[in-house]
Each structure stands twice: as C-alpha cells, then as structure tokens.
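Colleague: I'd like a close look at how the inside of this model is packed. Please begin at one residue of your choice and work outward from there.

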Amino acid sequence: MAEASSSQRVEKSSYHHFIPQFILRNFGHKYQPSSKSDKKRKAKRRIYPGDTLAKGIRLTGPSVALVDTNVAKTFGVQDLYADAGNSADKEHIEKLLSKLECSASEIIAQIRSRHESGGKLITLCRGKKDVLRKFLFIMKYRRPNVRDKYACSIEDFEDTEKEALQKYMQHRGFQRPLDVWLDNIQAMLEIKIGAGREWEEELLQKAYPPDALEFIVHTRLFYLPFCAPSDQNDEFLITENSYGIHEGPRSTIADPYSGRILITFHTEYHTFAHIAPNLMMILRSFLLPSPREDLSEDIRRTRKMLQGFNISMHNFPERATSFLEDLPVTKARNSYSKIVDGRVVLTRVGSALKPDDKFFFHIFPISTDHVDKINMILLDEAWTTSLILFKNKRSARKTLEHYLSLDPLNPSHGLKLIFPGTESLRETYFRNLEAAVKLFDGNVLAAYRFDDGTPEGVLTRDEDQLIDLVSQNDEVLQAYYKISNKEVLDRKDFEQSRKMLKLRIKIDTWTKGLDEGFRDKVRVDLLHLYWELPPQRLWIFLKRWRFMINGGTILGQRSDVHDYTLRAELLPGPEDVIAKMCEIFLPSHLSRMMYFAARNHLRLIDPEFGVVRELNFDEEGARRLEEERGLVFGPQGSICNCGM
C-alpha cells in the first residue's frame, strides 16, 4: 500500500502546557492511594499511583469544588497549534520548545534547590540568564489569549495595528494572522541572544517587528529579581493564566464602528512567573526606582524623564502608577562592575560584554502585604479561567478573603471592576470565589464595582450620593424643582451631569502639553455648549464641580466618575439663588449667570485669590491684581449683560 501523503496523514493529537509541568510539580504531591476504593475512584479519572497531583479550586462544572488534579493534564490545551501551519513547522517548533524548557528546568531546579537549602544568592552565567529571559517571554507569548488574538482573518483582526499587520503579511506572503504568530514563535526560539546587540537586528528582520520589539524590550528593559514570602505561612497562588500576567495601567478607546474596546497603550511594570508556592520570578521595569542606580543623578534623571514620558501617554497619567513600586528588590550584581561609594563602577577596560560574564541574583524576602498584592493581581485576571492551584488551605482561604473584601473604590489598584460584556462572567467568578471560601470554612461577601467607563454605567447600579443630598435639603430641592419645572428628581439629569464633568476633565487631559491659548479656547467652547443644555443639568454640574475641587469627586482609573463621602455643607451655592429666581432671566442667559455666580464665589472664598491682604508691587502682587481685574471685568460682563 502506498504511503499516505503528508496532507492525508492524520496528525497525532498533543496536549500543550502553557505552564510547564516542571513548575506545576512544585505545587503538587505524589499520589499514594489511601485505600483500594480510593485507588479505584482515582483510576476512573485516569489517576494512578505515582502521578503528581495538585490541590485546586475548580470554578466550572455543576458547582465549585476543591479537587485533586493531575498536573499532566492541568493548565494546558489540546492541540495548541491546530490549524496553525503545516506539521513539519509544528514539529520543528515543538523540538525547539522542548530544548528550551529542558534547559530552563535545569536552571530553575538549581535556583529552587538553593532557596530550599536557605541560600540567598544565586550565580548564573550570561548564557543561563538569557535562557531564563527567553523562556519567560516564550511562555508569555504562546498563551492561549495571545494565540486567540491572531486566530482570525485579517479582516476580523481587532487591534490598533491591523493595517501594519496586513502590510507585513503581504510582504512576507502569509495568508492568515495565525501564520505570523507561529512564525514569530519559531524566530524567537531560534534566535541566539548574544552579549551584543546584533541578535536584536536579526530578530527584527525575521519576526513581525512589533512583536520582535516586545521580545527585545522584555529582555533589555526589565530586570529579574527572585522573591520569596518572608512569612512561611504565606504563599503564591497559581492561576491558569498567571504565567505572563503583568501589573500596570492600560489605556483604551472605543472602536466607533464595532463598539469594541481597544487597548491603545499599556505599561508593564511587573510580570510574574512562578517557580513554587514560596518562590517567584518577577520581571521589573527599568522605569521604576532602583535604589542603587538612582544614586547616580544622571541615571535617576534619565529614568524619571522616561517614566514621565511613558505615563503621559496614558488617558489618565495621574493614575498610571505602579501598585508595587515599593517592592524591595534591586538589580543583580555582575562580574564586570563593583560598588564604589554606593555607585556602580565598571571594572573592565572598555564596554564589551562577554559570554562568560556572571550575574549574582538575590532572593528577596517580601512582606505579607506584597504577597497579597501579587495574589490580588493574579486573581483579578483569572475570571476567564476554570482552576486555581494552591498548596496550603489556610493560606488560600486568607488570600481569597483578602481579595474579595478589598475596597473596589480605592483608586490605588483599579481591581475588581466589571466592564460591559463581562457582567455575567465576572459576577459569576466573584460568586464562585465566595463559594470557595465557604469550602475552606470561611465566609466573605465580594465587594466589587460596575464600571463601563461612562457615568451612567455606575449610576444604573450604584446609588448617587448627590441625589440623596439634594433630596434631604429642602432649600436646594426647591431650587431644582423651580429651575427644572419638575415635581420629582429626575435621575437622568444627574446622569448627564456626570457625563458633563467627565468630559470637562478629559478635555484637560487630552489637551495637556498643547498651547494654553488653544486649551482655553477648547474649555470656553465646551462651556458655551453646556449653556445650551437644560439649565438644571448645569446646576447639578456646578455642584459636582464644587465637590471635585474639594476632593469629594474624582475621575477613576477606568474613566468613571465616582464619589467619596460628599460633605453636605458644600451642597448649597450661589447657583441656587439664581435658580430660585430663574423666571426673571432670559433662557439664553440663565445658565451663564449660574456659572459665573458659582465660579466667582469659588474664587472669592479662595485665600490665595486676588487682593486679600496688603498688596506689594512685585510679581505676586501683579498676579493678584490681574485676578481681581478679571473678577470685576471678566467674561461674565456687566449688569447690562445679566439677561434680565
């Protein structure tokens, strides 16, 4: 019989781990049956004596359950490369990947052994360090979510780089985005990272440039500390997608055609990779403080400048900071430099780096607070997954309770938010974690927040404090009834006022760094638009403006307007006086008068505004005099412009 052609040959189905088994085994134990019936039950699940089992929380199925799972079939997917190229390509990639994993597993085993024996210092040659760096990026790049990004036609590719990818595919002759992904993996596995920079140019030629650049940045602009909990009762949970999860802000836009949310810019401050429940590799960005290097004023100044530029690229720069900036880690020392007076000084003549250079890594003990923060980041990204592994029940319960009870309104973290299209999955995930805590004999209710990036997304689910304050103050309530000509508070008016405040804040953010004359014109144009809206909405907007100035209302990390406790004494304002006599103003002037009454009142009560004490004829005096002139002869006009 003739041999079947390669196109007719049935390929062998394979199970691909996206977290390697040599890592998962560190979370497990060898299975030894406790009885014949136990052995029989496990055999039905294809678990046999000697298999490595890990304890897990199963989040899918008929109910949440604590399970023992065989690591041989855990955290992986069947046929990861199905439909991703011809069998020869896939076989070649699997051989390259197997070789990389084998090398990485030997290095990681040495590191773990050193840690288990109480050692705090790990020495690696440049080659072994580079093996680890390549391994960490490949594990991140071949995760299912990255594959899924490319698993479509170019017409359906949903990313801001669609046009660039299409041109690259035409240039290289690729038919599908998935072919690009597979070719990238092969190029990254084949590249030999050297001490110089030649390999970077080679990779940029062989792989899709944006992804090749991500590999280079991952290798050059992050340093690798090892971290272990200082408290032996603490541990790192490992989630299905934890290898490659990063900590850092993302900025997005809504596609005007599809309505989908696209990431326009993101910053990776830390990326996580487990070794064991009590040991983790963490890649830390060079943008963050490094105590030893920051002793050099030139290095510190350059780092701060680059960090500031990166932050400025986000929609809300003031929120684009790191949750783990104070992580107590430093860069590894090396054999070609030394510390002199607290500064790094090269010991080698010239700047050439060599293959036999050595690097000295510390294992840094980290506090319970930092362990909790890392686990919170991992848990917050695990909502699409089905399994969480742990080693110790008590530690797992404490971690889940801490995460679920975390205040979702705290702007320092941006965790536990529910976005459009994720409502069902996210809420179910939180409910399942609550059920898991009960299985650990605990009890906690999840605190989370809905956030679709628009004011009404919060208002439809959360009580608006401003509505409560207005309803409880009869004088203010009557002003609303009068200006709106309504007999009840209309929630839509309050929703729209949030939109108005959000847009006003974003205008300042979007125009930051542009000519101040242009920025002022944009603000004035927006204000004139607001004057054309129903006057009760501007009336509410002015109250929100006053609360914001006094720290009660902020724009959150996800572009939502939310309130801290609003102070009732700040609710009344001069806009109420205008509202109560609204019938004496022409409709076209009513909102303008309310605005200037509120604005000028805020200026008059500001101790730093205008001529409020003895006037000196210096720059400060000139500034105050100009403020006073603007108050009297400003754009509000005179009595002739009041609209009565």
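Modeller: Happy to! Let's begin at Leu203, which, leaving out residues up to four places away in sequence, touches Ala187, Met188, Ile191, Ala212, Phe215 and Ile216. Please keep in mind throughout that this is a predicted model.

Leu203 belongs to a bigger picture: the largest nonpolar core has 69 residues, and Leu203 is among those with the most contacts inside it, along with Leu132, Phe135, Tyr150, Phe226, Tyr243 and Met281. Which helix gives the largest share of this core? Helix α7, residues 177-190, does, with eight residues. A second core, separate from this one, has 42 residues, including Leu324, Met376, Val437 and Ala446. In soluble globular proteins, nonpolar side chains tend to be buried together.

For the setting around these cores, the protein has 644 residues, and 48% of them are buried. Its secondary structure comes to 22 helices and 23 strands. Of the contacts with a separation of 6 or more, 70% are between residues 24 or more positions apart.

Next, the gaps in the packing. How many cavities of 30 Å³ or more are there? The count comes to two, and the largest holds about 60 Å³ of space. Tyr243 and Met281, which we met among the core residues with the most contacts, also help to line this largest cavity. The rest of its lining is Leu136, Met139, Lys140, His218, Gly244, Thr271, Phe272, Ala273 and Leu283. At least two lining residues come from each of α4 (126-141), β13 (270-276) and β14 (279-285).

Helix α4 turns up again in an open space, the second largest pocket, where it is one of the elements giving two or more residues to the lining. That pocket has a volume of about 1,200 Å³. Its lining has 39 residues, and those nearest its centre are Arg220, Glu293, Lys331, Asn334 and Tyr336. Besides α4, the elements with two or more lining residues are α9 (209-220), β7 (222-223), α10, β15 (333-334), β17 (343-346) and β18 (358-366).

Helix α10 deserves a closer look. At 1.5 Å a residue, its 16 residues, 297-312, should span 22 Å, and the end C-alpha atoms are indeed 22 Å apart, so the two values agree. Its buried residues are Arg303, Gln307, Asn310 and Ile311. Viewed down the axis of α10, the buried residues fall within an arc of 95°, and therefore they line one face of the helix. Asp298, Met305 and Phe309 are exposed on the other side.

Is Arg303, in helix α10, buried or exposed by its accessibility? Arg303 counts as buried because its relative accessibility is 7%, and the cut-off for buried is under 20%. Beyond residues up to four places away in sequence, Arg303 touches Phe286, Leu287, Leu288, Pro289 and Asp294.

A further one-sided helix is α15, residues 465-472, whose buried residues are Leu466, Ile467, Leu469 and Val470. Their arc around the axis is only 165°, so they sit on the same side of α15. Among the elements that cover them are α16, α17 and α19 (535-549).

Following α17 brings us to Asp508, which lies in that helix. Asp508 counts as partly exposed because its relative accessibility is 26%. Setting aside neighbours within four places in sequence, Asp508 is in contact with Arg519 and Arg523. Asp508 and Val522 are 14 residues apart in sequence, with 9.0 Å between their C-alpha atoms.

Finally, two backbone details in loops. Most residues other than glycine have a negative phi. Asn485, in the loop between α16 (474-484) and α17 (491-510), has a positive phi near 60° without being a glycine. With 70% relative accessibility, Asn485 counts as exposed. Arg46 is another non-glycine residue with a positive phi, about 60°, and its place is the loop between α2 (36-44) and β3 (52-58). Arg46 also counts as exposed, at 67% relative accessibility.

Notes
Residues numbered from 1 in each chain as written. Predicted model: local features only at pLDDT ≥ 70, side-chain atom pairs only at ≥ 80, totals over all residues. Heavy atoms only, no water. Helix = DSSP H or I, 4+ residues; strand = E, 2+ residues; numbered from the N terminus. Expected span 1.5 Å × (residues − 1). Buried < 20%, exposed > 50% of the residue type's maximum accessible area, 1.4 Å probe, protein only. Arc of directions from axis to C-beta. Core = buried A, V, L, I, M, F, W, Y, C linked by side-chain atoms within 4.5 Å. Contact = heavy atoms within 4.5 Å. 1 Å grid on protein atoms, 1.4 Å probe; cavity = no way out; pocket = protein on both sides within 12 Å on 5 of 7 lines; lining within 4 Å. Points joined across faces, edges and corners; volume = space filled by probe spheres on them.
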